[in-house]
Amino acid sequence: MARDFDISTNQSTFVLEALKQNIRLDGRKLLQMRDLDIHISPDEYGYVEVSLGKTKVACRVSSEITKPYEDRPFEGLFQIKSEISPICSPFFESGLTSNSKQSNDELLISRLIEKAIRRSGALDVESLCIIAGEKCWSVRADLQFLDYDGNFTDISCIAVIVALMHYRKPDLEIDGDDIVLFNVDQREPTPLSILHIPICITFQFYNPNGDVENVKGDSNDELILIDSTLLEEKISLGSMTLTLNKNKELCQMIKSGGLNIDASVIMNCCILANKLVDELTDKIQTLLKIDALSRKSGMERELQVVNDR
Amino acid sequence: MSRLELYSPEGIRIDGRRFNELRQFTSQLNTHPNVSDGSSYVQQGNSKVICLVQGPMESLSNTNAGGASKLDHNGPILSININYPPFANNVRKKRMRNDRRLQELCVVLKRCFLKTIVSKNYARTVIEVNITVLSMDGGLLACCCNAITLALIDAGIALYDYVSAISIGLYNQIPLLDMNTLEENDLSFITIGVVGDSDKLNLVLCEDKLPLDNLEALISLGIEGCHRIKQLMDEQVRLVGTDLLSKKQ
Amino acid sequence: MNIISITQAHRKTSHTIIESDDDSDIEMDDQGIITRTGTGTGASSSLVVTPGELITSDPTWMKGHGTYYLTSSSTTTTDENNNNNNSEMPTYSSLAGTIQKVNKLLTVVPFKGRYKPETGDHIIGRITGISVKRWKVDIGGERSATLLLGSVNLPGGVLRRKTEADELQMRSFLKEGDLVNCEVQNGGGDGGCMLHTRSLKYGKLRNGVFVKVPSGLIVRSKNHSFDLPGGVSIILGVNGFCWIGMTKRDGSGNSNSSGNVIGNNLKTEAGLTQKKYK
């Protein structure tokens, strides 16, 4: 049985009061993200651990060769699996209980990642086709949530997309009807074709005044913050997740109820998110570039060793 | 012509509408007076939805009794169920009871209405909403949202305001209001829910890729559309209300 | 932003389906005008309002059920007319219904809705559960009501403090599914209401038929039980639960019926009292 995250009234009013004065408990500004730390596995392809403050997520991408779906013979398979287990926090329980609040959260997160990455076509599934209608790659991303301090959506989206960009599938050659797979040592593995990099940004909304003010008032002074911690997430009155890429394309957007927010405020959020996404994309790309360089040198070093012998 | 022309150069859509034209919107209230506290029927073009509301009551009816049993001390427990039978679409397709897309919509709607119901009046109660889709021709979420609003009003549940929703698509920089299935299949669209006559959005859902620059145009057209739908719903509520009053006297 | 043009056809087409189309259409138009003028002035008695509609911005009204309001403190800073704000306290409706004004109290009475118990209502309820010293009674409201063991008349009309033995015997007085004719002792509030049957006219119902109608159709009045010719009497509970049954006999029958009101098992009751006196 999962425990509910209980916050005392005292604590929640304290956090809210602080937010009203533009102070967050960890000293950040309202619209400032925590430090994003991406750890790419140095000795294998497609495994990353991403952490945002205390929140931590691991993602592994793997692939195998299967038969494509009959109605889509030219497309490979791509699926994202995510399961929130009690490993990250005692508030979650393993297995699905159909009606609990947690499974709702989990459902929203997994649907969101699915929409952000799969539906938006970040991975070119047609490039995964080997022989039309016969053989194709099936790529699978497994998400594991390691530690929970709020903002699972943003971080898991980053984790999946970085892992996908980093992953290399073994090179192959088609010889008539046979497929020859090459070992990583034999031939340099090929990267997946990633069409764009979607990044999720989640906004949390807080209402300094009452519900009525929110519905009827004109002041629009709802508090907005990004990258919330667990505590902030639990007391938030509504959230909105935007998924954007560097081309200024909105891949997905969901504001599931909660506080009523003026359209102009939402547009402002979009502009802000756009800026953040640019920064994050650059960061991810430079990181991957550095990693790629270090890897190449590693390979050369290995060759060097062979030569020496 | 092999490819459908979704928007002709003259500015006519596939079903003869202009870009800013709603489909025929019909609604009825109190359609099922004996089995529910509030009920509504909403028809937007060929999309038809029935919504039944039970409650506020002390506990869930027998069907869901196993589930969330803990009552909330700050507001009602809202349980929303969408029943999407196989005959509702052009192509007969059986949906599992736990279809993830529908479940997601349920969660979205639930969160949306929890903020709209004057929740402090209904602490420690349960409100159960059941939606049956009779026929779907685009705008599933919008239809459901409008139907729930009407059914809740019919049930005499206190709301801060109407929530009216509409879908808006994008065709070559041109926003199209109230999409049908053909348009939904080919174009990317968003669904927005607006509170009353304000510009405040309660609900935004976009599942397809969309240039960010066009978002503003879509939302502003959508808000206008929602206001119009709110007006139509309001007329219907008044009509039914005055009718009821005349019967009482 | 552009104006939305809309197919207006639906009004006309729906008319063919709805029978009394012309009347309702005119009515609606009238109503629309009335309410629009009405919101400003806050005039006559039965105005139709819908959720979110501004009822009045006059702060002197007291806000009752079915309304909500903006407190002036929250609107002060950013609004356009600061001077007015101190005096303005707009009140909105949260229900679809009619405005009712009692002195300075403004309430919205919904067209429909679940029964809201008020003290003194004569209602009929159905027992749904038994717990310590109380029955849980479904009265068709938002919450179940409670009927305390202390507020029922014992079978035989004995007036005494309820003992532990009575507590154990509760199910023999009223069991789940039984219908009771009772009165609301203290109504509403937050946590459901209390009922009592401390009168000869209240108690368990038998020999009759149960009918449920919307509670809005029953008007609160002095008398809710009526004897019809032919030995039929009818009880119209304020909560919309009605009972059509055999008329109880008057005179000698009355005292009998008081015995019959609660507890069908007089014998065990007699045994109980005997035991007690030993």
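UniProt positions are given here in the numbering of this model, and such annotations may be inferred rather than shown by experiment. Keep that in mind at the first stop. The model itself is predicted.

**Stop 1: chain A, the annotated domain**

Select residues 32-170 and 196-273 of chain A. An unreviewed UniProt entry annotates these two stretches as "domain: Exoribonuclease phosphorolytic". Now narrow the selection to 196-273 of chain A. Helix takes 29% of this stretch and strand takes 36%. Its end C-alpha atoms lie 16 Å apart.

**Stop 2: chain B as a whole**

Colour chain B by secondary structure. Four helices and eleven strands should appear. The radius of gyration of chain B is 18 Å, close to the 18 Å that the globule rule gives for 249 residues, so chain B is as compact as a globular protein of that length. Turn the C-alpha trace along its principal axes: chain B spans about 55 × 45 × 35 Å.

Switch to colouring by burial. Of the 249 residues in chain B, 58% are buried. Then look at how the chain contacts itself. Take the contacts in chain B between residues at least 6 apart in sequence: 70% of them join residues at least 24 apart.

**Stop 3: where chain B meets chain A**

Show chains A and B together. Here 35 residues of chain B are in contact with 33 residues of chain A. Which elements of chain B give two or more residues to this side? Select helix H1 (100-114), strand E9 (188-195), strand E10 (200-206), strand E11 (210-211) and helix H4 (212-248) of chain B. H1(B) gives the largest share, nine residues. Colour this side of chain B by residue class: 20 residues are nonpolar, four are polar and eleven are charged.

Zoom in on strand E14 (residues 249-255) of chain A and E10(B). They pair across the two chains in the antiparallel sense, over three bridges. Strands of a sheet pair through backbone hydrogen bonds, either parallel or antiparallel. For one pair to label, pick A:Lys255, which stands opposite B:Val204 in E10(B).

**Stop 4: two positive phi values in chain B**

Most residues other than glycine have a negative phi. Two residues of chain B deserve a look here.

Select B:Asn30. Its phi is positive, about 55°, although B:Asn30 is not a glycine. B:Asn30 sits in the loop between strand E2 (25-29) and strand E3 (38-44) of chain B. Is B:Asn30 buried or exposed? A residue is buried if 20 or more other C-beta atoms lie within 10 Å of its own. B:Asn30 has 21 other C-beta atoms within 10 Å, so it is buried.

Next, select B:Arg124. This residue is not a glycine either, and its phi is positive, near 60°. Find B:Arg124 in the loop between H1 and strand E6 (126-135) of chain B. With 20 other C-beta atoms within 10 Å, B:Arg124 is buried.

**Stop 5: an exposed loop residue**

Move to B:Val91, in the loop between strand E5 (77-83) and H1 of chain B. B:Val91 counts as exposed because it has 5 C-beta neighbours inside 10 Å. Draw a distance from B:Val91 to B:Thr116. The two are 25 residues apart in sequence and 35 Å apart in space, C-alpha to C-alpha.

**Stop 6: chain C, a mixed sheet**

Hide chains A and B. In chain C, four strands form an open sheet in the order E2-E7-E8-E4, with mixed pairing. Strand E2 (48-49) and strand E4 (62-63) of chain C stand at the edges with a single partner strand each, so one side of each has no neighbour in the sheet. E2(C) pairs with strand E7 (residues 97-102) of chain C in the antiparallel sense, over two bridges. Label C:Val48 and its bridge partner in E7(C), C:Thr98.

**Stop 7: chain C, the annotated stretch**

Select residues 114-186 of chain C. An unreviewed UniProt entry annotates them as "domain: RRP4 S1". This stretch is 12% helix and 42% strand, and its end C-alpha atoms are 18 Å apart.

**Stop 8: chain C, an antiparallel sheet**

Finish on another open sheet of four strands, in the order E15-E18-E17-E16 (chain C), with antiparallel pairing. Its edge strands are strand E15 (208-212) and strand E16 (225-228) of chain C, each paired on one side only. Direction ignored, neighbouring strands of this sheet are turned by 20° against each other on average. E15(C) and strand E18 (residues 241-246) of chain C pair in the antiparallel sense over five bridges. Label C:Val211 last: its bridge partner in E18(C) is C:Cys242.

Notes. Residues are numbered from 1 along each chain as its sequence is written. Chains are lettered from A and ligands numbered from 1 in the order in which they are written. This is a predicted model: local features need pLDDT of at least 70, side-chain atom pairs count only at pLDDT 80 or more; totals for chains, interfaces and linings use all residues. Two strands pair if DSSP finds at least two bridges between them. Axes are lines fitted to C-alpha atoms, for helices over the stretch in contact, and angles run from 0 to 180 degrees between N-to-C directions. The radius of gyration is taken over C-alpha atoms; the globule rule is 2.2 Å times the number of residues to the power 0.38. A residue is buried if 20 or more other C-beta atoms lie within 10 Å of its own, exposed if 12 or fewer, and partly exposed in between; C-beta atoms are placed from the backbone. Two residues are in contact if their C-beta atoms, placed from the backbone, lie within 7 Å. Ala, Val, Leu, Ile, Met, Phe, Trp, Tyr, Cys and Pro count as nonpolar, Asp, Glu, Lys and Arg as charged, and the others, Gly among them, as polar.
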